Amino acid sequence: MNDDEQYSESDPRHHTVKIRKRLADTIDHLREDVGKIEDPRGQALFETSAEVLIGLSKAYEDYENRSEEAWRG
């Protein structure tokens, strides 16, 4: 069973799992591209973007796990 199959399609967590996978792919892409460009400002932009997406992915994970007070019912 895939991670996104552990929840029914009507459960938001079914979709947050998929979004986290896409975010992880984008984070990997950004980090790879940092090594491909020479402009320090561009490198900083890409690295900062990766860090922001890591934070967003963590928020989705916290929602899935109900690990923050805001996500508990």
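In helix 2, the buried residues are Gly42, Ala50, Leu53, Ser57, Asp62, Tyr63 and Glu64. Part of what covers them is helix 1. Keep in mind that you're looking at a predicted model. Below is a tour of the two helices, what sits between them, and what goes on around Arg66.

**The two helices**

- Helix 1 has its own set of buried residues: Arg13, His14, Thr16, Val17, Leu23, Ile27, Leu30, Asp33 and Val34.
- The cover works in both directions: helix 2 is part of what covers the buried residues of helix 1, and helix 1 is part of what covers those of helix 2.
- Here's a quick length check on helix 1: with 23 residues at 1.5 Å a residue, the helix should span 33 Å, and its end C-alpha atoms are indeed 33 Å apart, so the two values agree.
- Now try helix 2, which has 26 residues: the expected span is 38 Å and the end C-alpha atoms are 37 Å apart, which also counts as agreement.
- A handy rule for reading any α-helix is that there are 3.6 residues a turn, so residues three or four places apart point the same way.

**The nonpolar core**

- The largest nonpolar core is made of five residues, namely Leu23, Ile27, Leu30, Ala50 and Leu53.
- Helix 1 (12-34) and helix 2 are the elements that each give two or more residues to this core.
- Helix 1 supplies the largest share, with three residues.
- Ile27 belongs to helix 1, and it's called buried because its relative accessibility is 9%, under the 20% cut-off.
- Leaving out residues up to four places away in sequence, Ile27 touches Ala50, Leu53 and Ile54.
- Take Ile27 and Ala50: they are 23 residues apart in sequence, but their C-alpha atoms are 4.9 Å apart in space.
- Leu23 has contacts of its own, again setting aside residues up to four places away: Leu53, Leu56, Ser57 and Tyr60.

**Polar side chains that are buried**

- Glu64 is a charged residue to look up in helix 2.
- Its relative accessible area is 6%, so Glu64 is buried.
- The side chain of Glu64 is joined to the side chain of Arg20 by a polar contact of 2.8 Å.
- Beyond residues up to four places away in sequence, Glu64 touches Tyr7, Arg13, Thr16, Val17 and Arg20.
- Over in helix 1 you'll find His14, which counts as buried because its relative accessibility is 9%.
- A polar atom of the His14 side chain lies 3.3 Å from the backbone oxygen of Tyr7.
- Tyr7 therefore turns up twice: Glu64 touches it, and its backbone oxygen is the partner of His14.

**Around Arg66 and the rings**

- Arg66 is in the segment after helix 2.
- Its phi is positive, about 55°, even though Arg66 isn't a glycine.
- That's worth a second look, because most residues other than glycine have a negative phi.
- Arg66 comes out as partly exposed because its relative accessibility is 31%, which falls between the 20% and 50% cut-offs.
- The charged end of Arg66 sits over the ring of Tyr63, at 4.7 Å from the ring's centre.
- Tyr63 is also involved in an aromatic pair, and the count of such pairs comes to one: Tyr63 and Trp71 meet edge-to-face, with 5.1 Å from centre to centre and 85° between the planes.
- The two partners get separate labels: Tyr63 is buried, since its relative accessible area is 19%, while Trp71 is partly exposed, with a value of 36%.
- Tyr63 just makes the buried group, because the cut-off is under 20% and its value is 19%.

**One more residue to find: Gly55**

- Gly55 lies in helix 2, which covers residues 40-65.
- With a relative accessible area of 39%, Gly55 is partly exposed.
- Measuring from C-alpha to C-alpha, Gly55 and Arg66 are 16 Å apart in space, and they are eleven residues apart in sequence.

Definitions and conventions:
Residues numbered from 1 in each chain as written. Predicted model: local features only at pLDDT ≥ 70, side-chain atom pairs only at ≥ 80, totals over all residues. Heavy atoms only, no water. Helix = DSSP H or I, 4+ residues; strand = E, 2+ residues; numbered from the N terminus. Buried < 20%, exposed > 50% of the residue type's maximum accessible area, 1.4 Å probe, protein only. Core = buried A, V, L, I, M, F, W, Y, C linked by side-chain atoms within 4.5 Å. Contact = heavy atoms within 4.5 Å. Expected span 1.5 Å × (residues − 1). Phe/Tyr/Trp six-rings, centres within 6.5 Å; stacked < 30°, edge-to-face > 60°. Lys NZ or Arg CZ within 6 Å of the ring centre and 35° of its normal. Polar contact = N/O pair within 3.5 Å; in protein donor to acceptor, adjacent residues only side chain to side chain.
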